[in-house]
Amino acid sequence: MLASTTPDERMLFGVRHGVYGFPTEELCDYLIARIAGRRAIEIGAGNGVLAEALGIPATDNRQQEEPELKAYYQRLGQPTVSYGDNVEKLDAAAAIAKYKPEVVIACWVTHRFDPSAPERGGSNTGVDEAEVVAACNEYIFIGNQQVHAAKPIWALAHERIAPEWLYSRAMNGTPEFIAVWSKAVR
């Protein structure tokens, strides 16, 4: 269905509903096959739809519920994420400590800001993805080439694909991708 939509339509829907990446059936099938029955969680799960479709725990720091961030998004004219009832309030480190997953999935999470490399951007409340990679057997990240170009973990060995069935609200003309950091590749 998403193949018949325009980038403008996807962007408008995503902004109106606080959605960044769209959980297609093909994405869910890919992730279920990749998880292959191992213990898995989603961090930065937002509305929790993807984790629910995969039958795995959904976690998020739920920062967009904070009054300051809600006010910031309101000034931008954007709604905040509507966190699903299945989304447990845990940051990535706490979620990994609690669930001890073999596989960690994240879509569109922002990496942690490093003051020694300000050109990489990020957020003070972002995810320390190097810690995530070290803490599990496989870290699967879904994002957009331009939006996520500055992630520090690109320096670590990984696989990357850009399937045509992956969609987001990005309108920058670069492809969405799935990147996998696996102990098998390291």
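A residue counts as buried here when its relative accessible area is under 20%, as exposed when that value is over 50%, and as partly exposed in between. Glutamate 138, with 4%, is therefore on the buried side of that cut-off. Keep in mind that you're looking at a predicted model.

## Salt bridges

Let's stay with glutamate 138 for a moment. Its partner in a salt bridge is arginine 38, and the closest N and O atoms of the two are 3.0 Å apart. This pair links distant parts of the chain: arginine 38 belongs to the loop between α2 and β2 (40-43), glutamate 138 to strand β6, and 100 residues separate them in sequence. How exposed is arginine 38? Its relative accessibility comes to 25%, so arginine 38 counts as partly exposed, whereas glutamate 138 is buried.

Eight salt bridges turn up in the structure. One of them joins the side chains of glutamate 159 and arginine 34, at 3.3 Å from N to O. Here too, distant parts of the chain are linked: glutamate 159 is in strand β7 (residues 159-161) and arginine 34 in helix α2 (residues 25-35), 125 residues apart. Glutamate 159 is partly exposed, with 34% relative accessible area. Put these partners together and you get a network of salt bridges that links Arg34, Arg38, Glu138 and Glu159.

Another salt bridge brings together the side chains of lysine 89 and glutamate 66, with 3.6 Å from N to O. Lysine 89 is part of strand β4 (residues 87-89), while glutamate 66 is in the loop between β3 (58-60) and α4 (67-76), so this contact ties together parts 23 residues apart in sequence. Glutamate 66 has a relative accessible area of 33%, which makes glutamate 66 partly exposed.

## Aromatic pairs

How many aromatic pairs does the whole structure hold? A search finds nine. Take tyrosine 72 and tyrosine 73: their ring centres are 5.6 Å apart and their planes meet at 85 degrees, so this is an edge-to-face pair. The cut-off for that label is an angle over 60 degrees. The two partners fall into separate accessibility classes: tyrosine 72 is partly exposed at 41%, while tyrosine 73 is buried at 13%.

Phenylalanine 141 and phenylalanine 177 make a tilted pair, with 6.0 Å from centre to centre and 40 degrees between the planes. Why "tilted"? Planes under 30 degrees apart would be stacked and those over 60 edge-to-face, so an angle of 40 degrees gets the remaining label. Phenylalanine 141 sits in strand β6 (residues 138-144) and phenylalanine 177 in strand β9 (residues 176-182), so the pair ties together parts of the chain 36 residues apart in sequence. Both rings belong to buried residues: phenylalanine 141 has 0% relative accessibility and phenylalanine 177 has 1%.

## Cluster and charges

This phenylalanine pair has further company. Ring pairs connect Tyr139, Phe141, Trp154, Phe177 and Trp181 into a cluster. Charges also come into play: lysine 151 places its charged end over the ring of phenylalanine 141, 4.2 Å from the ring centre. Over the ring of phenylalanine 177 you'll find the charged end of arginine 160, again 4.2 Å from the ring centre.

## The second largest pocket

Now for some empty space. The second largest pocket takes up about 250 Å³. Its lining counts 13 residues, with Met1, Leu2, Ala3, Thr24 and Tyr167 nearest the centre. Which element gives the largest share of that lining? Helix α1 (residues 7-17) does, with three residues. Sorted by class, seven lining residues are nonpolar, two are polar and four are charged.

## Distances from alanine 58

To finish, try alanine 58 as a reference point. Valine 87 has its place in strand β4 and is buried, with a relative accessible area of 4%. The C-alpha atoms of valine 87 and alanine 58 are 4.8 Å apart, with their positions 29 residues apart along the chain.

Then look at glycine 173, in the loop between β8 (167-168) and β9. Is glycine 173 buried or exposed? With 78% relative accessibility, glycine 173 counts as exposed. Its C-alpha atom is separated by 30 Å from that of alanine 58, and the two residues are 115 residues apart along the chain.

Definitions and conventions: Residues numbered from 1 in each chain as written. Predicted model: local features only at pLDDT ≥ 70, side-chain atom pairs only at ≥ 80, totals over all residues. Heavy atoms only, no water. Phe/Tyr/Trp six-rings, centres within 6.5 Å; stacked < 30°, edge-to-face > 60°. Buried < 20%, exposed > 50% of the residue type's maximum accessible area, 1.4 Å probe, protein only. Helix = DSSP H or I, 4+ residues; strand = E, 2+ residues; numbered from the N terminus. Lys NZ or Arg CZ within 6 Å of the ring centre and 35° of its normal. Salt bridge = Lys/Arg side-chain N within 4 Å of Asp/Glu carboxyl O. 1 Å grid on protein atoms, 1.4 Å probe; cavity = no way out; pocket = protein on both sides within 12 Å on 5 of 7 lines; lining within 4 Å. Points joined across faces, edges and corners; volume = space filled by probe spheres on them. Nonpolar A, V, L, I, M, F, W, Y, C, P; charged D, E, K, R; others polar.
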